[in-house]
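Good morning, everyone. Please bring up the sequence and the model, and we'll walk through them together.

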2 protein chains.
Amino acid sequence: MNEHVHETADLTKNQTLVMGALTRSKGPLSAYTILDQLRDNGFRAPLQVYRALDKLVEFGLVHRLESLNAFVACRHPGCDGDDTIAFMICERCGQVNEITDTALAMRLKQLAGEASFALKKTTIELRGICRTCQVA
Amino acid sequence: MNEHVHETADLTKNQTLVMGALTRSKGPLSAYTILDQLRDNGFRAPLQVYRALDKLVEFGLVHRLESLNAFVACRHPGCDGDDTIAFMICERCGQVNEITDTALAMRLKQLAGEASFALKKTTIELRGICRTCQVA
DNA sequence: GTATGTGACGTTATCTCATTACAAGATTGC
DNA sequence: GCAATCTTGTAATGAGATAACGTCACATAC
């Protein structure tokens, strides 16, 4: 499976619109924020957003930030969905940094293995203040 | 700072009730589930639960599971609040396993350091199927 | 002892996040 | 054409969390 198999062409109209909103945004967006941004495009109900988001997450184009109940466009072309991704979330500016680290992923897999835990999905979210916001 | 400085004696009535509900439970509980369980004890509004939970989390007696919007009593006496804790959450039986791992914590701190990210809190949640549920 | 501050508590209302349920179009395969 | 499947639209509701009020108990300062 290649990276980001689903390109714009594969997306439905609603999925494209939601993807666009996320791509344009500097930081994560909540489903309802996306809804508001897309009202002019005919969006009227949360479900329209959630359905598109579900698919986009499934495709690996969008990630869900559990600790924020929000979503970000994947900025990290290398991730193929199976990857263990960590997010660094700045609590001041809201920017999100996406990182993958082999050592981290290996250790987690090992820990799961030792417990005979069949790992399906990992969530790693780091909260703090990013470099830029510290100097400011 | 010692482990779990706040013992039962330090807790208020509401905090004790909420803590009791979580301790009795085998798995994580949502705030509203706790509310329902404590109606007979005079609980009437979500805020009563949330206020108690806030304190219990602050004391390190309870952890919040971001990917579940739920709370668990800390089963891991060693954690002193500053610790990096990982949770293994079984999607079949709902049981939660709490683990700390030095290598994991170190790597995360290192990654944050390399990005000059001032780390405040880390969330690590592993979803999957636990050993017991796999055989069944 | 009164004033003042602080922290927990209770209640209502409201806000944000997410899903269920149902109907209508659109698309593909036969 | 017809069935199967997928996407869509809409309304209603469920679930999670907080804001804004006021009250009470208890501490400390004067």
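Is Ser116(B) buried, partly exposed or exposed? Ser116(B) counts as partly exposed, because its relative accessibility is 29%. On our scale, buried is under 20% relative accessible area, exposed is over 50%, and partly exposed is in between, with a 1.4 Å probe and protein chains only.

Some ground rules. This is a predicted model, where local features need pLDDT of at least 70, side-chain atom pairs count only at pLDDT 80 or more, and totals for chains, interfaces and linings use all residues. Residues are numbered from 1 along each chain as its sequence is written, chains are lettered from A and ligands numbered from 1 in the order in which they are written, and side-chain values use heavy atoms, with hydrogens and water left out.

Stay with Ser116(B) for a moment. Find the loop between helix 4 (102–114) and strand 5 (118–129) of chain B; Ser116(B) sits there. Helices (H or I, at least four residues) and strands (E, at least two) are DSSP runs, numbered from the N terminus. The phi of Ser116(B) is positive, near 55 degrees. Most residues other than glycine have a negative phi.

Chain A has such a residue too. Asn69(A) has a positive phi, near 50 degrees, and is not a glycine. Look for Asn69(A) in the loop between strand 1 (62–65) and strand 2 (70–73) of chain A. Asn69(A) is partly exposed, at 40% relative accessible area.

Asn69(A) also takes us to the DNA. One of its polar side-chain atoms is 3.5 Å from a phosphate oxygen of DNA strand C. That is a polar contact (a pair of N or O atoms within 3.5 Å). Chain B makes such contacts as well. Asn14(B) has a polar side-chain atom 2.8 Å from a phosphate oxygen of strand C. For Gln48(B), the distance from a side-chain N or O atom to a phosphate oxygen of that strand is 2.6 Å. Which elements give two or more residues to the surface near strand C? They are helix 3 of chain A, plus helix 1 (13–24) and helix 3 of chain B. Near means that a heavy atom of the residue lies within 4 Å. Helix 3 of chain B gives the largest share, four residues.

How many residues surround strand C? There are 15, and Tyr32(A), Arg64(A), Asn14(B), Gln48(B) and Arg51(B) are the closest. Among the strand C atoms within 4 Å of the protein, 46% belong to sugar or phosphate, and the rest to bases.

Now DNA strand D. Its surroundings hold 14 residues, and the nearest are Asn14(A), Gln48(A), Arg51(A), Tyr32(B) and Arg64(B). Here the sugar or phosphate part is 45% of the strand's atoms within 4 Å of the protein. Gln48(A) has a side-chain N or O atom 2.6 Å from a phosphate oxygen of strand D. Two residues reach base nitrogens of strand D with polar side-chain atoms: Arg51(A) at 2.3 Å, and Tyr32(B) at 2.7 Å. Helix 3 (46–59) of chain A and helix 3 (46–59) of chain B each give two or more residues to this surface. The largest share, four residues, comes from helix 3 of chain A.

One last residue. Leu47(A) lies in helix 3 of chain A. Leu47(A) is partly exposed, since its relative accessible area is 47%. Thanks, and over to you.

Definitions and conventions. Polar contact = N/O pair within 3.5 Å; in protein donor to acceptor, adjacent residues only side chain to side chain.
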